[in-house]
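The following exercises are to be worked with the sequence and the predicted model at hand. Each task is followed by a solution in steps.

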Amino acid sequence: MNKIIFFAQIRELIGIESMILDADQLSVHCLIEKLSQKGDKWSLALKENTVLCAVNQTLVDIEYIIQSGDEIAFFPPVTGG
């Protein structure tokens, strides 16, 4: 099982902070697709080109293969000024 955490606008849009889901052996891309099937708010919040993903607190690309027990976090890109 995997803990999935949502931050900032993503959390606000989908209305939850975290969830437990079995994502073992899925790529981040496949996980995003699976979560996006939960509805319009999810697909809007998790658009691949507008979301970053960290696994075990390390940024990964969308082809990263998730392992059992990994913690996955989705968050929007951060900009400074």
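**Exercise 1. Locate Asn-56 and describe its backbone and its exposure.**

Step 1. Asn-56 belongs to the loop between E3 and E4.

Step 2. Strands E3 (residues 52-55) and E4 (residues 58-60) pair in the antiparallel sense over three bridges. Together E3 and E4 make a hairpin, with two residues between them. Within this pairing, Ala-54 is placed opposite Leu-59 of E4.

Step 3. Most residues other than glycine have a negative phi. Asn-56, in the turn of the hairpin, has a positive phi of about 55 degrees.

Step 4. The relative accessible area of Asn-56 is 40%, so the residue counts as partly exposed, between the limits of 20% and 50%.

**Exercise 2. Determine the order of the strands in the sheet, and state which strands stand at its edges.**

Step 1. Strands of a sheet pair through backbone hydrogen bonds, either parallel or antiparallel. Here E1 and E2 are antiparallel and share four bridges; in this pair, Ile-4 has Met-19 of E2 as its bridge partner.

Step 2. E3 and E5 also run antiparallel and are joined by four bridges. Cys-53 has Phe-74 of E5 as its bridge partner.

Step 3. The complete order is E2-E1-E5-E3-E4, an open sheet of five strands with mixed pairing.

Step 4. E2 (18-21) and E4 are the edge strands: each has a single partner strand, so one side of each lacks a neighbour in the sheet.

Step 5. On average, neighbouring strands of this sheet are turned by 30 degrees against each other, direction ignored.

**Exercise 3. Describe how helix H2 packs on the sheet, and explain why its buried residues are said to line one face.**

Step 1. H2 (residues 28-36) packs on the sheet and touches E1, E2, E3, E4 and E5. The direction of H2 makes about 70 degrees with that of E5.

Step 2. The buried residues in H2 are Val-28, Leu-31, Ile-32, Leu-35 and Ser-36.

Step 3. Viewed down the axis of H2, these buried residues fall within an arc of 135 degrees, so they line one face of the helix.

Step 4. The elements that cover the buried residues of H2 include H3 as well as E1, E2, E3, E4 and E5.

Step 5. For the strands, a general rule applies: in a regular strand the side chains alternate between the two faces of the sheet. E2 has Met-19 and Leu-21 on a covered face, and Ser-18 and Ile-20 on an uncovered one.

**Exercise 4. Classify the aromatic pairs of the structure and state which parts of the chain they tie together.**

Step 1. A pair of aromatic rings is described by the distance of the centres and the angle of the planes. The structure holds two such pairs.

Step 2. The ring centres of Phe-6 and Trp-42 are 5.6 Å apart and the planes stand at 85 degrees; an angle over 60 degrees counts as edge-to-face, so this is the class of the pair. Phe-6 lies in strand E1 (residues 2-6) and Trp-42 in helix H3 (residues 40-45), so the pair ties together parts 36 residues apart in sequence.

Step 3. For Phe-6 and Phe-74, the centres are 6.2 Å apart and the planes are at 15 degrees, which is under 30 degrees, so the pair is stacked. With Phe-6 in E1 and Phe-74 in E5 (residues 71-75), this pair ties together parts that are 68 residues apart in sequence.

Step 4. Phe-6, Trp-42 and Phe-74 are thus linked into a cluster by ring pairs. Phe-6 and Trp-42 are both buried, and Phe-74 counts as buried at 0% relative accessibility.

Step 5. The charged end of Lys-38 sits over the ring of Trp-42, 5.3 Å from the ring centre.

**Exercise 5. Compare the loop positions of Gln-25 and Ser-68, and give the separation of their C-alpha atoms.**

Step 1. Gln-25 is in the loop between E2 and H2, while Ser-68 is in the loop between E4 and E5.

Step 2. Gln-25 is not a glycine, yet has a positive phi of about 70 degrees.

Step 3. Gln-25 is partly exposed, at 48% relative accessibility; Ser-68 is partly exposed, with a relative accessible area of 48%.

Step 4. Although 43 residues apart along the chain, the two residues have their C-alpha atoms separated by 7.6 Å.

Step 5. Leaving aside neighbours within four places in sequence, Ser-68 is in contact with Met-1, Asn-2 and Asp-24.

Note on methods: Residues are numbered from 1 along each chain as its sequence is written. This is a predicted model: local features need pLDDT of at least 70, side-chain atom pairs count only at pLDDT 80 or more; totals for chains, interfaces and linings use all residues. Side-chain values use heavy atoms; hydrogens and water are left out. Rings of Phe, Tyr and Trp (its six-membered ring) pair if their centres lie within 6.5 Å; planes under 30 degrees apart count as stacked, over 60 as edge-to-face and the rest as tilted. Buried means under 20% relative accessible area, exposed over 50%, partly exposed in between (1.4 Å probe, protein chains only). A charge sits over a ring if NZ of Lys or CZ of Arg is within 6 Å of the ring centre and within 35 degrees of the ring normal. Two strands pair if DSSP finds at least two bridges between them. Axes are lines fitted to C-alpha atoms, for helices over the stretch in contact, and angles run from 0 to 180 degrees between N-to-C directions. Contact means heavy atoms within 4.5 Å. The arc is that of the directions from the helix axis to the C-beta atoms.
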